[in-house]
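Biologist: I'd like to learn how to read a structure like this one. Can you walk me through it, feature by feature?

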Amino acid sequence: MSVSLSLTVNDEAVNAQVDARTLLVDFIRNNLALTGTHVGCDTGQCGACTVLVDGNAVKACTILAVQANGSKITTIEGLAKNGELHPMQAAFKDCHGLQCGFCTPGMVLSAIDLVQRHPDADEATIRAELEGNLCRCTGYQNIVKAIAQGAAAMRG
Amino acid sequence: MGNSELNTVGQSVRRKEDYRFLTGCGQYTDDVNPPHHTHAYFLRSPHAHANIRRIDTAKAKAAPGVVAVYTGADLTGVNGLPCGWLITGTDGQPMKEPPHPVLAQGKVRYVGDGFAMVIAETPAQAKDAAELIDVDYDAVPAVVNPVEALKAGAPQIHDGAPGNKCYTWALGDKAAVDAAFAKAAHVTQLDIVNNRLIPNAIEPRAAVASYSRADDGYTLYVTSQNPHVERLLMTAFVLGLPETKVRVIAPDVGGGFGSKIYLYPEETAMVWASKRVNRPIKWTAERSESFLADAHGRDHVTHAELALDPDGKFLAMRVHTTAAMGAYLSTFASCIPTILYATLLAGQYTTPAIYCEVTAAFTNTAPVDAYRGAGRPEATYVVERLVHAAASEMGIAQDEIRRRNFIREFPYQTPVALLYDTGGYDACLDEAMRIADVQGFAARKAEAAKRGKLRGLGYAAYIEACGLAPSNIAGTLGARAGLYEVGQVRVNPTGGVTVFTGSHSHGQGHETTFSQVVASRLGIPIENVEIVHGDTGRIPFGMGTYGSRSLAVGGTAIIKALDKVVAKGKKIAAHLLEAAEADIEFKDGKFTVAGTDRSKAFGEVALAAYVPHNYPLDKLEPGLDETAFYDPTNFTFPAGTHICEVEIDPDTGKVAIVNFSACDDFGNIINPMIVEGQVHGGVVQGIGQALLEQCVYDQESGQLLTGSYMDYALPRADDVPSFKVTTKVTPCTHNPLGAKGCGEAGAIGAPAALMNAVHDALSAAGVTYLDMPATPHRVWSALQAAKH
Ligand code: FES
Ligand code: FES
């Protein structure tokens with residue numbers, strides 16, 4: 001069964017017909033060719049697929065594309081403006097918060113959501129909040145550092 | 001190297017690759033979508049051990065969207081997957097190498113063993129059709145534990161490997177060791193299980209195989225750490241294709257840790273099939289497939305003994321290890337528990353006699369191969385657990401017993417074949433103790449005790465051998481490949497430099513580190529250097545990235561090529577400056593006539609090489625493009641001390657890491673930020689092994705019980721603390737960079753340091769021995785058992 005969708009992705013209006021069982025992550029990767037959103041598991045455990053849906057971090061492998069109908073989605077491709085990195089992206093670079101880069105899009109978007117809810121998060125809060133995002137490369141230390149630095153930059 | 005502004009060696013330059021990763025512009029294998037591509041799905045055995053009486057694919061072939069269905073019987077003319085290292089046993093016989101078919105035929109040997117491939121228009125159609133394949137299994141008893149597998153009466157996995165034995169191999173002087181034990185004042189003994197791990201790079205394995213009728217050629221995108229090796233093995237050994245007809249591209253790869261070194265069945269079958277279906281084929285593993293069918297790591301069962309004199313000097317070590325190979329020999333499986341394990345048992349110590357015997361067993365599990373550290377974490381665990389236990393038993397302080405036995409004179413020939421070129425073990429131990437505040441430990445322990453908590457401190461003074469080499473010696477030890485690396489430096493006419501390296505980055509940041517090396521040497525900005533890796537179509541050759549070899553071996557190959565570029569540049573500059581070649585110096589990006597201010601910039605020389613109007617054409621070829629193959633003369637020997645402090649809650653058994661400090665000697669460092677990141681990542685994998693991770697197969701059924709992130713505890717951010725890491729430097733003596741390698745140190749040192757801390761904490765409560773992982777349940781149970 002195919003359903004029609006209309007939503008906003010990275011500030012652009014998107015209208016599409018998709019199979020009703022299409023996951024949001026597959027819609028983003030395959031229909032929109034936004035391959036920065038990654039798939040690292042099939043159990044909703046790794047967070048590599050995290051995007052912002054109406055400003056909230058959502059694991060895009062855990063919802064159907066139709067469930068995002070009418071919402072405003074931000075993927076990793078939508079963060080930098082005019083080639084300028086978002087403060088959280090810049091902090092990840094500056095703190096070496098990424099190695100292979102595979103978990104990174106999900107980490108950055110989760111971090112932005114985290115900072116929106118905890119603008120002054122300390123290390124323990126950041127670590128607890130990152131519980132849904134796996135990284136096998138960095139050992140998390142520099143991700144935690146990056147999020148603290150990104151939070152400060154976002155506070156301005 | 002060059003002038004101070006452009007010389008960035010030793011600086012934490014931010015990574016060149018980060019912009020694309022941070023903006024979602026990375027190009028991973030699953031992001032590659034050639035037109036008209038199909039999707040593959042592999043049907044895998046649900047049984048650990050079964051004969052396949054019959055496979056009926058008729059219904060699957062007729063299912064919607066299906067393009068083709070293949071089983072092992074269809075792969076005529078396709079050989080099995082080869083093993084890259086031949087171990088010769090103590091009986092003088094070669095190891096048993098039973099066939100490792102691309103698609104299992106007649107028999108499946110582990111849960112996840114693939115035996116049919118469905119190709120369809122969509123992934124869902126391929127998967128749905130696979131369910132229609134009718135298979136008549138005759139399940140037979142399975143054995144998943146390597147010790148059980150070697151017992152009489154165990155189920156036989158391969159006809160060609162009686163008793164499931166792959167080999168028994170030994171290293172060292174047994175008679176000398178036995179004699180030393182006979183006169184020892186003290187003997188410490190341990191039985192150790194080194195727990196089986198599943199690597200779990202966050203990017204699952206994936207491949208996209210295409211065939212072109214235009215040139216009868218194949219292109220394979222694959223999540224590989226070493227695309228040239230993959231191509232060589234696949235073409236020459238398995239598919240019988242000319243290497244010239246296969247291009248292997250390993251684009252951005254999302255972590256490897258060893259698991260992406262190997263030639264796997266899936267991509268091999270896909271390359272074969274891409275010509276048959278004449279359309280590109282794509283496959284991306286689901287995470288459950290990663291758990292089932294990526295090569296696993298570790299899985300040793302060991303009895304180890306250390307003989308000491310009355311002063312705590314080590315006299316001899318005797319080790320017997322049973323190592324699991326899994327159901328088939330993966331690409332480098334055989335050399336991990338031998339060449340990369342037994343040779344490391346001297347550790348940082350002067351132990352004069354060491355004997356190690358290893359028996360490798362086939363089991364009904366996924367294959368076992370190198371995983372971050374590969375043999376060296378297992379060796380360090382044996383050595384450092386023995387040292388800890390011996391010190392405790394003899395009442396010698398942990399740092400003191402290590403100091404009494406440290407090697408201090410270099411080069412040092414160990415009794416287990418390695419020749420350490422350099423090291424400074426006291427310096428790392430001292431510094432690690434300082435940053436760990438060992439002095440304050442007694443007070444912290446007393447304070448914790450008041451709160452009813454058990455504190456412990458654990459040391460690991462590890463050594464590793466990196467940059468496996470040289471090829472000729474490895475060859476005599478059974479390596480079926482060379483161990484050099486290739487670097488090509490192409491200076492473009494306008495002075496920009498393209499570097500082609502056989503090393504492969506899957507998180508290590510080579511685009512930055514190698515650019516720093518090249519830019520500093522040539523005196524040009526980093527932005528003018530482009531690093532190309534991971535493509536057999538563009539890079540002359542390469543052995544890839546594993547064993548912490550990229551900078552020490554791959555970086556040196558680039559240095560050697562740079563030397564040739566500079567040498568030729570001097571000839572060109574001598575001509576342009578009308579001076580003798582011997583008088584030309586190259587410094588700060590300029591070729592200068594010594595003692596004068598007459599010079600030519602690097603860019604001017606490059607241009608002259610490509611626009612050779614004023615050029616010694618009679619003596620010199622135009623162009624400035626040089627290649628070097630570098631075969632190291634020895635391993636490198638990174639070493640260091642890791643100190644871990646834990647606090648255990650006896651009521652819950654939970655182990656909290658309150659402090660982890662590391663002081664490592666990686667030789668000279670190009671980019672400290674990247675090195676620190678490597679240590680962090682390695683340490684967390686080591687902590688994962690010691691506290692959380694454990695691959696479990698059901699002993700009866702052989703089912704994988706830890707087949708998802710719900711059951712296999714990968715460390716998460718809130719499972720680990722931040723660490724204090726620092727370095728000391730003794731430069732490697734035999735490569736021009738003085739670099740040793742840093743990728744695996746964390747995973748090597750951390751498990752032993754952590755488990756020694758756990759044992760230290762629990763000793764007061766009477767617990768004497770615990771295996772990894774020290775889960776709350778295990779710790780609590782051990783504490784309860786010790787009470788009774
Ligand atoms: S891919 Fe969505 S949580 Fe892993
Ligand atoms: S950077 Fe590789 S998984 Fe996080």
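Biologist: What do the buried residues of helix 3 of chain B pack against?

Modeller: Keep in mind that this is a predicted model. For packing, you look for contacts, meaning heavy atoms within 4.5 Å. Here the buried residues of helix 3 of chain B pack against four elements of that chain: strand 1 (38-44), helix 2 (58-61), strand 3 (66-71) and strand 5 (114-120).

Biologist: And which residues of helix 3 are buried?

Modeller: Helix 3 of chain B runs over residues 123-130, and its buried residues are Ala126(B), Ala129(B) and Ala130(B). They sit on the same side of the helix, because they cover an arc of only 105° around its axis.

Biologist: Let's try single residues. Where is Ser210(B), and is it buried or exposed?

Modeller: For that you check the relative accessible area, and under 20% means buried. Ser210(B) lies in strand 9 of chain B, residues 206-212. Its relative accessibility is 17%, so Ser210(B) counts as buried.

Biologist: What does Ser210(B) touch, not counting residues up to four places away in sequence?

Modeller: The list for Ser210(B) is Pro34(B), Gly217(B), Tyr218(B), Thr219(B), Ser274(B) and Pro280(B).

Biologist: How does a residue in a loop read? Take Ser259(B): where is its place?

Modeller: Ser259(B) sits in the loop between strand 11 (246-249) and helix 7 (265-277) of chain B. With a relative accessible area of 1%, Ser259(B) is buried. Leaving aside neighbours within four places in sequence, Ser259(B) is in contact with Pro199(B), Arg205(B), Gln225(B), Tyr264(B), Ala295(B) and Ala370(B).

Biologist: How many residues along the chain separate Ser259(B) and Tyr371(B), and what is the separation of their C-alpha atoms?

Modeller: Compare the two numbers: Ser259(B) and Tyr371(B) are 112 residues apart along the chain, and their C-alpha atoms are separated by 6.3 Å.

Biologist: Now Arg318(B). Which strand is Arg318(B) found in?

Modeller: Arg318(B) belongs to strand 14 of chain B, residues 314-326. Its relative accessibility comes to 22%, so Arg318(B) counts as partly exposed. You can play the C-alpha game here too: Arg318(B) and Cys356(B) are 38 residues apart along the chain, with 5.9 Å between their C-alpha atoms.

Biologist: And which residues does Arg318(B) touch, not counting those up to four places away in sequence?

Modeller: Arg318(B) touches Val177(B), Asp178(B), Phe181(B), His303(B), Ala304(B), Glu305(B) and Tyr355(B).

Biologist: Over to the other chain. Where is Gln99(A), and what is it in contact with?

Modeller: Gln99(A) is in the loop between helix 2 (87-94) and helix 3 (104-117) of chain A. Its relative accessible area is 5%, so Gln99(A) is buried. When you read a contact list, check the chain letters. Leaving aside neighbours within four places in sequence, Gln99(A) is in contact with Cys137(A) and Thr138(A), and also with Arg15(B), Phe21(B), Gly507(B), Gly677(B) and Gln678(B) of chain B.

Biologist: Time to zoom out. How many helices and strands does chain A have?

Modeller: Chain A has five helices and five strands. In sequence order they follow β-β-α-β-β-β-α-α-α-α. Its radius of gyration is 15 Å, close to the 15 Å from the globule rule for 156 residues, so chain A is as compact as a globular protein of that length.

Biologist: And how many helices and strands does chain B have?

Modeller: Chain B has 19 helices and 28 strands. The radius of gyration of chain B is 27 Å, close to the 28 Å that the globule rule gives for 788 residues, so chain B is as compact as a globular protein of that length. Its C-alpha trace spans about 90 × 70 × 50 Å along the principal axes, and 64% of the residues of chain B count as buried.

Biologist: What share of the contacts in chain B comes from residues 24 or more positions apart?

Modeller: Among contacts with a separation of 6 or more, those residues account for 80% in chain B. In chain A, residues 24 or more positions apart account for 58% of such contacts.

Biologist: Last one: how many positive and negative side chains does chain B have?

Modeller: Count both sets, then compare their centres. Chain B has 68 positive and 85 negative side chains, with the two centres 1 Å apart. Chain A has 11 positive and 15 negative ones, and there the centres lie 4 Å apart.

Definitions and conventions. Residues numbered from 1 in each chain as written. Chains lettered and ligands numbered in written order. Heavy atoms only, no water. Helix = DSSP H or I, 4+ residues; strand = E, 2+ residues; numbered from the N terminus. Rg over C-alpha atoms; globule rule 2.2 N^0.38 Å. Lys, Arg positive; Asp, Glu negative; His and termini not counted. Charge placed at Lys NZ, Arg CZ, Asp CG, Glu CD. Buried < 20%, exposed > 50% of the residue type's maximum accessible area, 1.4 Å probe, protein only. Arc of directions from axis to C-beta.
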